[in-house]
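Colleague: I've just opened this one and I'd like some help reading it. Could you take me through a few features, general idea before the case itself?

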Amino acid sequence: AVVLLVSLVLILILGTHYSAGLSDVFSRASDHGRIEFFNFDPNPTTRHSVWSVIIGGFFYWTSMFCTNQASVQKCMSLKSLKTAKHAIYLALLGLIAVFLMNFYTGLMTFAHYSECDPLAAGHITAKDQLLPFYVMDVFGHIKFMTGIFVAGIFAASLGTVAAALNSLAAVTSEDLLVSGLEWKIPQGKGALYAKWMSLG
């Protein structure tokens, strides 16, 4: 989490220094119609509207926090319901902070390339290459920056993969070994079995 946060904050700070300041970022985005609030279009095919964000977002994030195996497992491992609630509130705050940083990073990148599209110019071949291209293009002269950016990507990926592996191991241990094959796992050894399965 720290590595991911450091890479995001560095991109924001350096991007604001090398590309555009806060007011310039928002003015360029606004001039090109990239900032859109309060779109009440009822058409369900509209990519982002108040309805898709609130209704779709409600069901998506409710499923992620309330029924997702990794989230439920993390909450179940805590000492009490009160601690689990505090963990969810903390996760929500962290999620909002990361999303706001990501939104601003997107606006900052757009502001930098608002007059020249790297995709149309052939510098990149897909939209998801834009941020790595931006980091190499703007911060490439700073020796450590590309390495920190790659470390941030791996940190985010490894966090997700670790949670998924732990969840799968726990489900396999409980549902397959104990319930399905009727193995008798000794008291206090369940976590050890799950760890070995996760390693495998």
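**Reading the model, feature by feature**

Modeller: Let's begin with T160, which is exposed because its relative accessible area is 57%, and the cut-off for exposed is over 50%. Keep in mind that this is a predicted model.

Colleague: Where does T160 sit, and how far is its C-alpha atom from that of A70?

Modeller: T160 is part of helix α8. Its C-alpha atom and that of A70 are separated by 9.3 Å, although the two residues are 90 apart along the chain.

Colleague: Is A164 buried, exposed or partly exposed?

Modeller: A164 also has its place in helix α8. With a relative accessible area of 39%, A164 is partly exposed, since that label covers values between the 20% and 50% cut-offs. In sequence, A164 and F38 are 126 residues apart, and their C-alpha atoms are 36 Å apart in space.

Colleague: What about I13 and F139, how far apart are they?

Modeller: They are 126 residues apart along the chain too, but here the C-alpha atoms are separated by 11 Å. I13 belongs to helix α1, residues 2-18, and counts as exposed because its relative accessible area is 52%.

Colleague: Is Y104 buried or exposed?

Modeller: Buried: the cut-off is under 20%, and Y104 has a relative accessible area of 11%. You'll find Y104 in helix α5, which spans residues 81-112. Its C-alpha atom lies 9.1 Å from that of L22, with their positions 82 residues apart in sequence.

Colleague: Now charges. How should I think about salt bridges, and how many does a search of the whole structure find?

Modeller: The general idea is that side chains of opposite charge can pair when their charged atoms come close. In this case the search finds one salt bridge. The side chains of R28 and D24 form it, at 2.8 Å from N to O.

Colleague: Where do R28 and D24 lie?

Modeller: Both are in helix α2, residues 22-31, and they are four residues apart, about one turn of the helix. R28 is partly exposed, because its relative accessible area is 27%. D24 is partly exposed as well, with 26%.

Colleague: Let's turn to backbone angles. What is there to notice about the phi of F38?

Modeller: As background, most residues other than glycine have a negative phi. F38 is not a glycine, yet its phi is positive, about 55 degrees. F38 is in the loop between α2 and α3, and it counts as exposed because its relative accessibility is 66%.

Colleague: Which residues make the nonpolar surface patch?

Modeller: F38 turns up again here. The patch is made by F37, F38, F40, W51, V53, I54, I55, F58 and F59, and has an area of about 1,100 Å². One of its members, W51, lies in helix α3, residues 50-67. W51 counts as partly exposed because its relative accessibility is 41%.

Colleague: Last topic, pockets. What is the volume of the second largest pocket, and how many residues line it?

Modeller: Its volume is about 220 Å³, and 13 residues line it. Nearest the centre of this pocket are Q73, A169, A170, G190 and A194. The elements giving two or more residues to the lining are α4 (69-76), α8 (145-180) and α9 (190-199).

Colleague: Which element gives the most to that lining?

Modeller: α8 does, with six residues. That is the helix where we met T160 and A164.

Colleague: How many of the lining residues are nonpolar, polar or charged?

Modeller: The lining of the second largest pocket divides into five nonpolar, six polar and two charged residues. When you go back to the view, try finding Q73 and G190, which are among the residues nearest the pocket's centre.

Technical notes:
Residues numbered from 1 in each chain as written. Predicted model: local features only at pLDDT ≥ 70, side-chain atom pairs only at ≥ 80, totals over all residues. Heavy atoms only, no water. Salt bridge = Lys/Arg side-chain N within 4 Å of Asp/Glu carboxyl O. Buried < 20%, exposed > 50% of the residue type's maximum accessible area, 1.4 Å probe, protein only. Patch = residues over 30% accessible without salt bridge, like charges linked within 9 Å, V, L, I, M, F, W, Y side chains within 5 Å. Areas by Shrake-Rupley, 256 points an atom, 1.4 Å probe, with all protein chains shown as cover. 1 Å grid on protein atoms, 1.4 Å probe; cavity = no way out; pocket = protein on both sides within 12 Å on 5 of 7 lines; lining within 4 Å. Points joined across faces, edges and corners; volume = space filled by probe spheres on them. Nonpolar A, V, L, I, M, F, W, Y, C, P; charged D, E, K, R; others polar.
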